[in-house]
Each structure stands twice: as C-alpha cells, then as structure tokens.
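I opened this entry to look up strand pairing, side-chain burial, backbone outliers and cysteines, in that order.

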Amino acid sequence: MYGSESGTVPEDLERTAFRRAEKKYKLYYEDTYKSSKKKRKPKPVDLSEVLDFNSIIESYYQNVELPQGVVPLRCGFDTPVFSLENRPGFYFIPGALSVKEQCQWIKESLTSFPQPPNRTNHNAFYGPINDLFIAANERKVLVADGGSNSECDPSVSNGDVHGWKFFEEHEVSSKVSTCKSVSASVLLRKLRWSTLGLQFDWSKRNYDVSLPHKKIPDTLCQLAKRLATPAMPLGEEFQPEGAIVNYFGPGDMLGGHLDDMEADWSKPIVSMSLGCKAIFLLGGKHRDILQ
C-alpha cells in the first residue's frame, strides 16, 4: 500500500512511469451525490501528451510537419504506415479497416469467436457455452443442475455444458428457483476474453496445445498477414497460430503487461482495435520507460 503520512514518499513518486500514466488516463467520474454511475459525468482528462494519429494523418496529407519522432512509411497500403523512432518494431496503420469491415469483425467477435471449442473467461465456472449471443438476444437464462430436482435436470442440454442449460425466460419460475441461474445478457456483458486457434492457458500463462481448438478463421488469418507486412522481413509471410479477443465496456481498461509467451519473438503481434476510441500506452524495456 502506498503511504501518505508525513515522512513517507509521495505515492506518485513511488509509482513507475507506466503506472502513473495508467492512473492519469484511467476513466474517473465526477463524485456527484446520489447519482448512479450511468448518470455521472466522466472527469476531463488531459490528452495533450497523447499522439492522435487522426491528426497526424491529416497533417501528413496537408504537408504539415509531423510530431518529432513520427516517421511515415509506404508499405503497400492506401495510407502511410507510421513508426516511432524511439520504439523500433512498432507500426501504426491508420484506417486499416473500413467501417463496414469493423462492424463485420465486431459481429464475429460476439457471435463466432466465443463459440466452443474456443475458450472464454466463462469456461472456468460454466464450461463451454454455445450460442451465447443468440441466447442473450432471446432473453434466455442459464440454469444450473439442481441435483435431485428433476426440473433442473441438464441431461437434455441442446449442446450446452453438462450441468447448465438455457431456459426461456418465462420458464424460469419457482420450479427452478432452487437452482443457480444467470441471464445470458449478463454473461454477454461479463464476457472479457475469448481465444482463437491455439488456446492460451491464463492460469499458467502459456499456450496449451493439448486443449481442443480450431484453426483461426481463414479470413482473419489473411487480414493478419496483410497487417503484419510492415514488420516482416522482405519475402517472409506472417503465419498466425493463436489470437486473443479482449472485450471492453465503458470505463474498462487492460493493465500494463508483456506479450512474452510466443515462441518466436522475432515475429510481430498484430493488434486491432474496434469500436470506441481508446488510449494505447506503449512501454519500453522496463516500467520506468513510457511512450
């Protein structure tokens, strides 16, 4: 715990540069009395030190001087690809996906990517769940096995995990009130990640090749290959084997971390952001370095 009493080091000085930046750009709400989180206004954030690539691409086309250290490259895309002099290996591709393409991948992320055998954060408690997005739209409820209660018998589960079964909302009445239950819409809102291709074991922080899995969809593979081109040696083609899909709600954040579980560090990691705007913090060799 950070101390704040007299004679202790101020808490901001104890934090690393990366941790201070995480705190600075985190979403905070105005402390309004008796107001729900939905109605509270977010506190303003100083974005003066954030690189806005929308502004950078506009400056590029208007022949305006770019921020120091930002280098435009031509890599066969419709727009220039930008790199940072002090962060070799980082490439940003503005407008890499059209709005139509983004909507398509958002749909796939909600409907196809969480489908078994792909694993999600729900697997640990509920096991594999089929057609979660459809069940949420149909306002279904996932009900647990009630033991001796025949009304909770999951023997006919329509493909759902043994021990849990989707019921229509109107079917969930007093006769299954003794069972644990959760609405599909709540599960969808609490969906935090899903894995494609080789499955990542979050408890051990490595890829578990023994887990059942399907290959990454070919269309996603081809997209990743195209986006990885600027970071690949000339003549080599990127071969994606695994992918992690992260889901964020308003105010959510992904803490600083290292993507260091890949066997070959010479190959790039392709990251695509869909939906709302977000701030991406790019670290260095240790947490006292920040871009």
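Before anything else I noted that this is a predicted model, and I began with the pairing of strands. I looked up strand β4, residues 141-144, and found that β4 and β5 pair in the antiparallel sense, with four bridges between them. For the register on this side I took A144, which stands opposite W164 in β5. I then turned to β6, residues 181-183, which runs antiparallel to β4 and is joined to it by three bridges. Here the register can be read from V143, whose bridge partner in β6 is S181.

Putting these pairings together, I wrote down an open sheet of three strands, antiparallel in its pairing and ordered β5-β4-β6. I entered β5 and β6 as the edge strands, since each of them pairs on one side only. For the twist I noted that neighbouring strands of this sheet are turned against each other by 25 degrees on average, with direction ignored.

Next I asked myself which residues of β4 point one way and which the other way. V141 and V143 point to one side of β4, L142 and A144 point to the other, and I found all of them buried. I made the corresponding check on β5, residues 164-167, and both of its faces are covered. On one side of β5 I listed W164 and F166, on the other K165 and F167, and all are buried, the lysine K165 included.

I then went through the backbone, bearing in mind that most residues other than glycine have a negative phi, and that most peptide bonds are trans. Where does N63 lie, and is it buried or exposed? N63 has a positive phi, near 55 degrees, although it is not a glycine, and it lies in the loop between α3 (53-61) and β1 (70-73). With a relative accessibility of 72%, N63 counts as exposed.

R139 gave me a second entry of this kind, with a phi near 55 degrees, again positive in a residue other than glycine. I located R139 in the loop between α6 (132-137) and β4, and at 56% relative accessibility R139 counts as exposed.

For the peptide bonds I recorded the one from P116 to P117, which is cis, with omega near 10 degrees. P117 belongs to the loop that lies between α4 (99-111) and α5 (123-126).

Last, I looked at the cysteines and asked how many disulfides the model holds. Taking a disulfide as a pair of cysteine sulfur atoms within 2.5 Å, I arrived at a count of zero. I also noted the accessibility of two cysteines: C103 is partly exposed, with a relative accessible area of 47%, whereas C276 counts as exposed at 72% relative accessibility.

Key: Residues are numbered from 1 along each chain as its sequence is written. This is a predicted model: local features need pLDDT of at least 70, side-chain atom pairs count only at pLDDT 80 or more; totals for chains, interfaces and linings use all residues. Side-chain values use heavy atoms; hydrogens and water are left out. Buried means under 20% relative accessible area, exposed over 50%, partly exposed in between (1.4 Å probe, protein chains only). Helices (H or I, at least four residues) and strands (E, at least two) are DSSP runs, numbered from the N terminus. Two strands pair if DSSP finds at least two bridges between them. Axes are lines fitted to C-alpha atoms, for helices over the stretch in contact, and angles run from 0 to 180 degrees between N-to-C directions.
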